[in-house]
Structures are given as structure tokens and as C-alpha cells.
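User: Please take a close look at a single part of this model and describe how that part is joined to its surroundings. A connected account would suit me better than a list.

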Amino acid sequence: MSIHRPEVKRITTHQLQAMKNRGEKISMLTAYDFSMARILDGAGIDVLLVGDSASNVMAGNETTLPITLDHMIYHASSVVKGVTRAFVVVDIPFGSYQGNSTEALRSAIRIMKESGAHAVKMEGGAEIKDSVERILSAGVPVMGHLGLTPQSIYKFGTYTVRAKEEEEAQKLIEDAILLEKCGCFSIVLEKIPAKLAEEVAKTVNIPIIGIGAGNAVDGQVLVMQDMLGITKEFKPRFLRAYADLDNIVTNAVEHYIEDVKSGDFPNEKEQY
Ligand code: KIV
């Protein structure tokens, strides 16, 4: 079986913009490894995000803060090898861009050079403007991320819905306009009221991708482990589980153990 489909046309930032312009929704999921990236790409996903949520779902950490730039590059280069069509975006991890635009540029360039990914994602608005501009000036596409920004979890103190109050909502709209003006090609809005997300999607021209931000945006993203029913304990209102992989894998492994213990596996046809 060939794992490459050279005839397939790659998704680009231009195509994502065209999708928004013609009202076609953008599908995006996270991926962290070659095998899953290959499956998601083959299924036709538009964008794969190598999210720093790898810190939670791959490494078992409580927050996204511990993951390093080297870890992100390792995950990203694995994902890129599994993809022939999807546009691959990589989170710049906590501590690799905040407050220092030179370091931000260095981090983005390392991600692009060492993983072969197509863009980076950064959390924040006005406070990271210099870093965003510096990276964009090097020709690296940047996706913004506003609303609930998990890298700032210790500032928020909780993972509840953001921007419910007028002042925070106003700042979010201003940040979205600023990110568009800087040249970002898209923005993720995480866990904010649907009405506010709709207003942002109508105010800016670039694609707005929501997670827990309602349906009136230009696309949706979910963490792959959540939508496949692997992280069973995580059940926010915005999540729809499309499979129960926890059950499927548990049943398969129990069956395998049974067969090994009983001597049923391998049988005569399964040996040389
Ligand atoms: O890291 C991640 O998975 C993300 C998504 C939740 C948007 O940033």
C-alpha cells in the first residue's frame, strides 16, 4: 500500500481564505503522530493542528506549559510525514515566544525548518504583536488564538468560558482586528460566547476557527483524542464524541489477552 498520494492538491492559506469567502466551512483536528495524521489526512481533513495539547493527551501533563520546542518539533515532523493534502499548523509552545520577538522568530524558524510544517499558531493579542509581526516578516504564516488561551491558565485560574463580560469581549474583538491587520491568515477562538464569535467572524475577513465558540464561525477544531472518545473523563458542553475508541481498544485488548492466555493465538495459519 502506498502512503503517498502525489496527485492530491495541498491545502494552502489562500484556499482557506477562499473557503471563507464562499461560505465553505473549514475542518480542523489536532494530530501529534504519523499514523493518525495519515488517517485524518486520508479522511479529508482540511487543517491539522499539532497542538501543544500534546502536553496533555500525549505526555499526560495537567497543562500545556511543560511541553518544549523540541517536543513540538518531534510531533510536528511526524505529522508532516503522514500528510499529503492537509495544511499543518504547529503551536509555538509556552516560553518560546512571549516577551521576546527575537526568540519568537528563532522558535518559528526552527519549527518550519526542522518539521516541514506550513504555519505556526500563537496565543494572545496585543501583548504578542511584536513577535507575530517579526515571524510574519520572515514569511511564516501565523494563526492567532484568542479567548481561552491554555498557556495562560494560571492567570485565568480556571478553564471556564472567557469574554462573557463586555470589557474582555471588547478587547477580544480589538485583538482579532489587530491580528488581521498584522497579517495573520486565521484565528482560533476558544470557549467564548457564540454571539461574540459570530461578531468576530463578521468583523474580520480572515477565517475564524472555533472550539466551543458556536456555529457562526468559518470552521471548527477539536482535539482528536476528545472527539474519538479516548479522553473519556473530558466532557465539556462543546464536545461531540464521534467514536468510543476507549471501549473499542479495551475490548480488542481484552480479547487479545484472552487469546494469548488460552493459547488460541497464534493459530496454525498465523505462524511460519
Ligand atoms: O493545543 C491545542 O490543541 C489547541 C486547540 C484546542 C485549538 O490549541
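Analyst: In this predicted model, a good place to begin is the right-handed β-α-β unit that is made by strand β4, helix α6 and strand β5. The helix of this unit, α6, covers residues 129-137, while β4 spans residues 119-123 and β5 spans residues 142-147.

The two strands of the unit are themselves paired: β4 and β5 run parallel and are joined by four bridges. Within this pairing, methionine 122 has glycine 144 of β5 standing opposite. On its other pairing, β5 is joined by five bridges to strand β6, residues 186-190, and these two strands also run parallel. Glycine 144 takes part in this description again, since isoleucine 187 in β6 stands opposite that glycine. As a general matter, strands of a sheet pair through backbone hydrogen bonds, in either a parallel or an antiparallel manner. As for cover, β5 is mostly shielded, with six of its six residues counted as buried.

These pairings belong to a wider arrangement, in which eight strands close into a barrel in the order β1-β2-β3-β4-β5-β6-β7-β8, with parallel pairing. On average, and with direction ignored, neighbouring strands of this sheet are turned by 25° against each other.

Elsewhere in that barrel order, strand β2 (residues 47-50) and strand β3 (residues 87-91) run parallel and are joined by four bridges. Valine 47, which has its place in strand β2, stands opposite phenylalanine 87 in β3. Because its relative accessible area is 1%, and the cut-off for burial is under 20%, valine 47 counts as buried. The C-alpha atom of valine 47 is separated by 7.8 Å from that of isoleucine 11, although the two residues are 36 residues apart along the chain.

For a contrast with these covered positions, one may turn to helix α11, residues 245-262, where isoleucine 257 is found. Isoleucine 257 has a relative accessibility of 40%, which lies between the cut-offs of 20% and 50%, and therefore counts as partly exposed. Together with Val249, Val253, Tyr256, Val260 and Phe265, Ile257 makes a nonpolar surface patch of about 520 Å².

Notes:
Residues numbered from 1 in each chain as written. Predicted model: local features only at pLDDT ≥ 70, side-chain atom pairs only at ≥ 80, totals over all residues. Heavy atoms only, no water. Buried < 20%, exposed > 50% of the residue type's maximum accessible area, 1.4 Å probe, protein only. Pairing = 2+ DSSP bridges. Right-handed = clockwise from strand over helix to strand, strands pointing away. Patch = residues over 30% accessible without salt bridge, like charges linked within 9 Å, V, L, I, M, F, W, Y side chains within 5 Å. Areas by Shrake-Rupley, 256 points an atom, 1.4 Å probe, with all protein chains shown as cover. Salt bridge = Lys/Arg side-chain N within 4 Å of Asp/Glu carboxyl O. Axes fitted to C-alpha atoms, helices over the stretch in contact; angles between N-to-C directions.
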